[in-house]
Amino acid sequence: SINKIARISVTYPQFPDRSFVLSNPDNLNFKIQNEALGTFPVIDTLRVINYLNSYVDVRFESFLKDLSQAKKDSIKREPPFCIISVTDKQNKTNSISLIRIKMPAGSTNINGDPIEYDPERMYAILNGKDFVQTQFFVFGPLMRYADEFRPRSEKQGDEKTTFKELF
């Protein structure tokens, strides 16, 4: 629950501008920080609360207990797509490193377009040791970008976007 979460760190190693740390000292005075952009002076509190509520009953698909050591080493060599760490008010941290699953060469999506990664599942390493399989359906809502917590009027580039430009 939101009352138990003290801090959430979402890191995109290849995209530091998207990474953020959300601090929740008292369930009211939230803070969003980004390494490149600093602390956001104004944030969309409703988005922050909705985001924190996304952390209720998060589950993974399965433990990958039957992986060979060679496969585990291969997964560990892949750079994580996203690392999420949650620290509770008792200062206990759990983290998950999400690693995209490469598709076999020549794979395509439903439209016949080539795809490099599995669009539905990811490997994950829990607290640096347990290998699990996760679904984008479950973890997608947790993989937000720093800029998404700015009020709409403060987002970079938003003032230029019109309805016509989207289509």
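Biologist: Which residues of strand 2 are buried on its two faces?
Modeller: In this predicted model, strand 2, which covers residues 20-23, is covered on both faces, with Phe20 and Leu22 buried on one side and Val21 and Ser23 buried on the other.

Biologist: And how many bridges join strand 1 to strand 2?
Modeller: Four bridges join strand 1, residues 5-11, to strand 2, and the two strands run antiparallel. Within that pairing, arginine 7 has serine 23 of strand 2 as its bridge partner.

Biologist: What about strand 3, how does that run against strand 2?
Modeller: Strand 3, residues 31-34, runs antiparallel to strand 2 and is joined to it by three bridges. Serine 23 appears here too, since its bridge partner in strand 3 is lysine 31.

Biologist: Moving on to the core, which members of the largest one touch the most others?
Modeller: The largest nonpolar core has 29 residues, and Val10, Tyr51, Ile84 and Leu98 are the ones that touch the most other members. Two or more residues of this core come from each of strand 1, strand 2, helix 1 (45-53), strand 6 (82-88), strand 7 (93-102) and strand 8 (117-126). As general background, nonpolar side chains in soluble globular proteins tend to be buried together.

Biologist: What does tyrosine 51 touch?
Modeller: Leaving aside residues up to four places away in sequence, tyrosine 51 touches Ile8, Val10, Phe20, Leu22, Pro141, Leu142, Arg144 and Phe149. Two of the residues named there, Phe20 and Leu22, are the buried pair on one side of strand 2.

Biologist: Which residues are in the second core?
Modeller: That core is separate and has seven residues, including Ile75, Ile101, Ile125 and Phe131.

Biologist: Different topic: what is the volume of the largest pocket, and which residues lie nearest its centre?
Modeller: The volume of the largest pocket is about 540 Å³, and of the 20 residues that line it, Tyr55, Val58, Val86, Asn94 and Ser95 lie nearest the centre.

Biologist: Which strand gives the most to that lining, and how do the residues divide by type?
Modeller: Strand 6 gives the most, with four residues, while strand 6 and strand 7 each supply at least two. By type, the lining divides into 10 nonpolar, five polar and five charged residues.

Biologist: Last one, what's the overall make-up of the chain?
Modeller: The chain has four helices and nine strands, arranged along the sequence as β-β-β-β-α-β-α-β-β-β-β-α-α. Its C-alpha trace spans about 50 × 45 × 25 Å along the principal axes, and 32% of the 167 residues count as buried. Among contacts between residues at least 6 apart in sequence, 56% join residues at least 24 apart.

How values were computed:
Residues are numbered from 1 along each chain as its sequence is written. This is a predicted model: local features need pLDDT of at least 70, side-chain atom pairs count only at pLDDT 80 or more; totals for chains, interfaces and linings use all residues. Side-chain values use heavy atoms; hydrogens and water are left out. Buried means under 20% relative accessible area, exposed over 50%, partly exposed in between (1.4 Å probe, protein chains only). Two strands pair if DSSP finds at least two bridges between them. A nonpolar core is a set of buried Ala, Val, Leu, Ile, Met, Phe, Trp, Tyr and Cys residues joined through side-chain atoms within 4.5 Å. Contact means heavy atoms within 4.5 Å. On a 1 Å grid over the protein atoms alone, a cavity is a set of points where a 1.4 Å probe fits but cannot get out, and a pocket is an open set with protein on both sides within 12 Å along at least five of seven lines; lining residues have an atom within 4 Å of a point. Grid points are joined across faces, edges and corners, and a volume is the space filled by probe spheres set on the points. Ala, Val, Leu, Ile, Met, Phe, Trp, Tyr, Cys and Pro count as nonpolar, Asp, Glu, Lys and Arg as charged, and the others, Gly among them, as polar.
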